[in-house]
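Biologist: I've got this one open on my screen and I'd like to talk it through with you. Can we go question by question?

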Amino acid sequence: MLFNSVEYLIFLPVVVLIYYLLPAKMRWLFLLFCSYYFYMQWEAAYALLIAASTVTDYFAARAIHGTNKKKKKNYWLVFSLVVNLGILFVFKYYNFFAVEIANKLQLAGLESINPALPILLPVGISFYTFQTISYTVDVYNNKVEPERNFGRFALYVSFFPQLVAGPIERFTHLGQQLKRRISLRYDNLANGSRLILFGLFTKMVIADNLAPLVDTFYENPEEFGQLASLQAVVFYSFQIYCDFHGYSLIAIGSARLLGFDLMDNFRTPYMSQGLREFWQRWHISLSTWFQSYLYLQLGGNKVSLKRWIFNILVVFSLSGLWHGANWTFIFWGLIHGLLYLSEKLLHKRFQVLSSMWRPLKVLLTFSLVTLAWVFFRSPDIQFSSNVFQNLFGFGKGMAQLEVSYELYLLLLLFVFSDWSLRNNRFDHWIAPKHPLIRWGCYSVLLFCLMALSGIVHQPFIYFQF
Amino acid sequence: MKGRVYIQLFGRLAVVIALFFVLNQLYLWLYWERDVDIHSNTLENLWMHEQADIIYFGESSNFYQEHPDTPKIRISDFLNRQLPQLNVEAVDNAGLDASNFLHIMRYIEEKQGVKALVVTLNLRSFGPTWIYDKNYNYLRKADALIDEGPALWNRFRLALKDYGYLTEVERMEKMREAKNKPYEVFDSFRFESMAQWNQHVANGSILREDGSWDMEKISLASHYIKNFAFEIEPENNPRIADFDQIVSFARANNYPLYFHLMSENVREAQKLVGPELVAMMTYNKQLLVNRYEKQGAIVVDNFLTVPEMEFRDRIFPTEHYSNKGKIRCARVLADSILQSKLLP
């Protein structure tokens, strides 16, 4: 059940209505049922994987908390990590590595059978496994007490607004809210609806209208000229941002309708003045996860320079790998790591970056991020080099992309809204405005959403993760 | 406290509903015709026929033309000539099915002065190969856009894929299921299903004199199987449901309704595949004739009207006729309309 579907537009208000009509103590159970129902619309059997992850981490956390012995704590932590990362590896990475090894063996002249398993990638697996890992590690580090109520913990893992595409929530944030008694408040309903409206606009109007153009280009980039190449790579930057950001807003808005507060996942990342700031604004829940559970565990920056460089490259490469089982994702992560290091080292040695005119810094950051996205979008490294050839004028193609003036206007509208919201979120920004301005904005968003949404079916990009 | 929330909520909802109607008008004014042009361009044909006595709803059978047929004339044009006292106009496009016809005919305005409807009854369109054709999503989108209800909501439905959208995998799976469905009426056939029959035909069923496989004929025979070797199940067939609704629509609006049962190349089917296939085609044809005559429509049976040499396509079974074939069909159709005496 996608967020941008009639099924969800019916499901959500029905859930919200029943939720507030139920007695408070039954609400979490109802939400748990709805969350599993929601997930099972994708593939019923894969709900067993969430259940397995839930059971593993519920008992592992309790066992960790229930002992003072370091060895036992470590044992249960490792057990939890092995189960969660094992599930992730089998369903997401096994085929990739198995095929790579088989290919290498073949090149070496050794016979090998086709090792690929006929398994589909369960939706949201990268998100919920990381969420449960964060819980177990936080219990291990005494940052949080384990949840005693199994059902409530199961709800934390499977909470439907953020189950399939984040934000990846810490137990200290979402888990504690699940214990609170939530009363019906108008501002929750209003803010939730505002976020959903803006999220749908971002995803269905901007991302879904850019997608066909990007797909057309990436089907055969060598056919296209330099201008088309530039358009396509820039459009993809906005497509992936609007797709994921839109989905996150709908998730946050859906949770807000039920009285829950999820963390912001994006804070106008394309307004960043450097890579460091970009990673503080882009997919915040994932970048903070890697910071807390990998980077700091490796020592962070409290190590030698060489070790610190190693830490940065490992974290960024694994972050790339998280996005998908392909060398292009790892390469994309590595590039960001190298750019991050370059910025930090240049900043230390030269003051040139900090004294640069702010719009120039924003443009430079956007350009670097956009170029890196080429690897993210391409099926392999060779393909991305073809795209770069076209982009820098070494290609032979002449075809152009047919881009309507409306799309440029919509993009401009979005960029303007992003700039206006650079230190704010849409619901917080619009709430205090005069009613005429508020309803004017709603009218524009609603009209664009209903009249101008992209029609060709575009599956949510981050679902592949 | 809760009461106050409900009042605020219902107040805002009322504003949103009012806003929706304003935006709907804005959409109709600014974008609707453009969207119809892109996603349901046949609707424009309807708008062009300001003074049509008879509207002929068809697909490519109406207009397909190739050398040596000149001039380029539709069946509906020939019909027009046969009925000089009436003005016959066509609403046609390649691949249209009964669901498209139904959605379009709801836009007929009184001022157009339409007196009767002629709708092609294309046997092939009842089979899974046509129903789940690669244009499935496009045709369902076209229907959804011009469906009843607010135009703005219909447009939004397209973006939400609320038109029976099927992924490529789902579409192929549905086609595969239908082709593998065991025959019920023809359960004594040597083949249990369309898929099994097709597999047999595709595995060297037609040989040349030298004993080698005649790939051209085998390919054509396979196409005949895939397009005609099905049983129409009235309770489950989506085209049956559409035609039933067309009958209801015509009845509700007092339009005399003529179903034009298209000619099929039965002789070629007989030669290539055999009498079982012809029996199945005849069974389906008769099922349609009986069903719709019982419902009060006039079924003009042109099933065997066009002789083999007047079918234009030789590598695929279609209802594309030469001008001579079209004239034959038009004459039978005109005679039926005149004899029915339902029109002035």
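Biologist: Which residue does B:D242 form a salt bridge with?

Modeller: Keep in mind that this is a predicted model. In it, the closest N and O atoms of the pair are 2.9 Å apart, inside the 4 Å cut-off for a salt bridge. The partner of B:D242 is B:R239.

Biologist: How many residues apart are B:D242 and B:R239, and in which helix?

Modeller: An α-helix has 3.6 residues a turn, so residues three or four places apart point the same way. B:D242 and B:R239 are separated by about one helical turn, because they are 3 residues apart in helix α13 of chain B.

Biologist: Is B:D242 buried or exposed? And what about B:R239, buried or exposed?

Modeller: The cut-off for buried is under 20% relative accessible area. B:D242 comes in at 9% relative accessibility, so that one counts as buried. B:R239 has a relative accessible area of 4%, so B:R239 is also buried.

Biologist: Which residues are linked with B:R239 and B:D242 in a network of salt bridges?

Modeller: Side chains of opposite charge can pair when their charged atoms come close. Here the network takes in B:R239 and B:D242. The other members are B:D97, B:R140 and B:D143.

Biologist: What span should helix α13 of chain B have, and how far apart are its end C-alpha atoms?

Modeller: The helix covers residues 238-252, which is 15 residues. At 1.5 Å a residue it should therefore span 21 Å, and the distance between its end C-alpha atoms agrees, at 21 Å.

Biologist: Which elements do the buried residues of α13(B) pack against?

Modeller: The buried residues of α13(B) include B:I240, B:F243, B:I246, B:V247 and B:F249. The charged pair B:R239 and B:D242 is on that buried list too. The elements that the buried residues pack against, in chain B, are α6, β3, α7, α8, β4 and α15.

Biologist: What sits at the start of α13(B), and which residue follows that helix with a positive phi?

Modeller: At the start, a side-chain oxygen of B:N237 reaches to within 2.9 Å of the backbone nitrogen of B:R239. After the helix comes a residue whose phi is positive, near 60°, and that is B:N254.

Biologist: Let's move to where the chains meet. Which side chains form the salt bridge between chain B and chain A?

Modeller: The count between chain B and chain A is 1 salt bridge. Its N to O distance is 3.0 Å, and the side chains are those of B:R34 and A:E406.

Biologist: Which other side chain does B:R34 meet in a salt bridge?

Modeller: B:R34 is partly exposed, because its relative accessibility is 34%. Its other partner is at 2% relative accessibility and so counts as buried. At 3.5 Å, N to O, that partner is B:D35.

Biologist: Which element gives the largest share of the side of chain B that touches chain A?

Modeller: Across this interface there are 6 residue pairs in polar contact. The elements giving two or more residues to chain B's side are α1, α2 and α9 of chain B. With 14 residues, the largest share comes from α1(B).

Biologist: How many nonpolar residues are on the side of chain B that touches chain A?

Modeller: In total, 29 residues of chain B are in contact with 24 residues of chain A. The buried area is about 2,600 Å², and carbon and sulfur atoms give 73% of that. By class, chain B's side has 2 polar and 8 charged residues, and the nonpolar count is 19.

Biologist: Now chain A on its own. How many residues of α5(A) are buried?

Modeller: Helix α5 of chain A runs over residues 125-140 and reaches 23 Å from its first C-alpha to its last, close to the 22 Å expected. Just after this helix, A:N142 takes a positive phi of about 60°. As for cover, the number of buried residues in α5(A) is 16 of 16.

Biologist: One last spot: which residue's backbone oxygen lies 2.8 Å from a polar atom of the side chain of A:S229?

Modeller: A:S229 is in helix α10 of chain A. Its relative accessible area is 0%, so A:S229 is buried. It touches A:F217, A:F224, A:N390 and A:L391, leaving out residues up to four places away in sequence. The backbone oxygen you're after belongs to A:G225.

Terms used:
Residues are numbered from 1 along each chain as its sequence is written. Chains are lettered from A and ligands numbered from 1 in the order in which they are written. This is a predicted model: local features need pLDDT of at least 70, side-chain atom pairs count only at pLDDT 80 or more; totals for chains, interfaces and linings use all residues. Side-chain values use heavy atoms; hydrogens and water are left out. Contact means heavy atoms within 4.5 Å. Buried area is the accessible area (1.4 Å probe) that two parts lose on being put together, summed over both. A polar contact is a pair of N or O atoms within 3.5 Å; within protein, one must be able to donate a hydrogen and the other to accept it, and residues adjacent in sequence count only if both atoms are side-chain atoms. Helices (H or I, at least four residues) and strands (E, at least two) are DSSP runs, numbered from the N terminus. Ala, Val, Leu, Ile, Met, Phe, Trp, Tyr, Cys and Pro count as nonpolar, Asp, Glu, Lys and Arg as charged, and the others, Gly among them, as polar. The expected span of a helix is 1.5 Å times one less than its number of residues. Buried means under 20% relative accessible area, exposed over 50%, partly exposed in between (1.4 Å probe, protein chains only).
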